[in-house]
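Work through the following exercises with the sequence and the model at hand. Each task is followed by a solution that goes step by step.

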Amino acid sequence: MASHSVSEMLPVSLLYKQGELRPSRLPPIPGASSAHNHRISLHRGDITKLSVDAIVNAANSSLLGGGGVDGAIHRAAGPELRQECQTLGGCRTGSAKITGAYQLPCKKVIHAVGPIYNQQDPAGSEAYLRSCYDTSLRIAVENNLETIAFSAISTGVYGYPSMDAAHIACDTVRKFLDSDAGATLQTIVFVTFERKDVDAYRIIIPRHFTPATDGA
Ligand code: AR6
């Protein structure tokens with residue numbers, strides 16, 4: 001099946017102009033702005049079809065594959081991906097490691113290990129999830145990668161509530177783009193798959209990436 005290039009993924013600025021995203025009625029989150037609306041995209045579909053510089057996998061600490069998006073990425077990349085992952089010695093929760101992409105249309109895969117959501121310790125889960133996004137962004141910059149697509153880490157079998165996870169994803173990405181470290185990143189794509197995550201991002205994105213005065 002055909003892959004999708006970055007130019008086919010609409011930035012938040014255009015989604016506002018086309019009325020596909022609406023301003024939030026809730027108060028904006030402190031630090032929210034429209035400064036990055038041309039660099040943030042929202043895409044619903046299979047992340048394995050995206051021809052971006054890097055896709056971010058929702059892996060487990062073995063890095064040896066599994067179900068969900070991890071399974072889809074390993075299937076589409078082919079067996080060489082698992083062979084490379086076997087050399088990495090696993091990965092701690094909240095961290096990430098980079099590999100080649102083999103048969104995938106992207107250039108690299110960043111494997112992030114999200115937390116299993118802990119209802120007894122939501123702050124601990126949040127710290128791990130923030131660290132996944134932050135580490136993945138740093139790895140992308142270190143490897144001169146400019147376009148990066150995130151799966152909705154931990155919102156599947158790891159049980160992270162979609163609204164909370166979308167808030168952490170948007171907050172961490174916005175802060176990174178606000179910092180000098182984010183200057184070289186051109187496009188960050190939030191990839192959603194299930195309805196619950198599509199809905200969550202439509203609500204959460206406008207609270208962090210607010211429409212500009214010209215509506216974009
Ligand atoms: N493209 C984009 N997103 C997808 C795709 C896809 N092809 N398939 C699923 N999703 P999950 P987790 C979404 O369960 O919660 C694995 O077994 C899905 O709708 O894949 O971090 C690993 O090996 C959800 O929003 O990852 C770990 O053991 C998101 O991807 C464990 O699951 C993440 O769901 C990790 O659990």
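A residue counts as buried under 20% relative accessible area, as exposed over 50%, and as partly exposed in between, with a 1.4 Å probe and protein chains only. The model is predicted, so local features need pLDDT of at least 70 and side-chain atom pairs count only at pLDDT 80 or more, while totals for chains, interfaces and linings use all residues. Residues are numbered from 1 along each chain as its sequence is written, and side-chain values use heavy atoms, with hydrogens and water left out.

**Exercise 1. Place Lys-49 in the fold and decide whether it is buried, partly exposed or exposed.**

Step one is the location: Lys-49 belongs to the loop that joins strand 1 (40-44) to strand 2, where strands (E, at least two residues) and helices (H or I, at least four) are DSSP runs numbered from the N terminus. Step two is the class: Lys-49 is partly exposed because its relative accessible area is 23%. Step three looks across the chain, where the C-alpha atoms of Lys-49 and Ile-73 are separated by 9.5 Å although the two residues are 24 apart in sequence.

**Exercise 2. Find where Ile-153 lies, and compare its sequence separation from Leu-177 with the distance in space.**

Ile-153 is found in the loop between strand 5 (147-150) and helix 5 (162-178). With a relative accessibility of 1%, Ile-153 is counted as buried. From Ile-153 to Leu-177 there are 24 residues in sequence, and the C-alpha atoms are 19 Å apart.

**Exercise 3. Examine the backbone of Leu-63 and of Tyr-102, and state the sign of phi in each.**

Begin with Leu-63, which has a positive phi of about 60 degrees although it is not a glycine. Leu-63 is placed in the loop between strand 2 (54-59) and helix 2, and it counts as buried because its relative accessibility is 1%. Continue with Tyr-102, which is likewise not a glycine and has a positive phi of about 50 degrees. The loop between strand 3 (96-100) and strand 4 (108-113) holds Tyr-102, and at 36% relative accessibility this residue is partly exposed.

**Exercise 4. Describe the shell around the ligand: how many residues form it, and which helix gives the most?**

Start with the count: 21 residues surround the ligand, the closest being Asn-60, Gly-67, Asp-70, Thr-155 and Gly-156, where a residue is near if one of its heavy atoms lies within 4 Å. Then sort the shell by class, which gives 8 nonpolar, 9 polar and 4 charged residues; here Ala, Val, Leu, Ile, Met, Phe, Trp, Tyr, Cys and Pro count as nonpolar, Asp, Glu, Lys and Arg as charged, and the others, Gly among them, as polar. Finally, helix 2 (residues 68-77) gives the most to this shell, with 4 residues.

**Exercise 5. Which backbone atoms approach oxygen atoms of the ligand, and what share of the ligand's area does the protein bury?**

First, a polar backbone atom of Val-69 is 2.8 Å from a ligand oxygen. Second, a backbone N or O atom of Gly-156 also lies 2.8 Å from an oxygen atom of the ligand. Third, for a polar backbone atom of Tyr-158 the distance to a ligand oxygen is 3.1 Å. Last, the ligand taken alone exposes 700 Å², of which the protein buries 92%, with accessible areas from the Shrake-Rupley method and a 1.4 Å probe.

Terms used: Polar contact = N/O pair within 3.5 Å; in protein donor to acceptor, adjacent residues only side chain to side chain.
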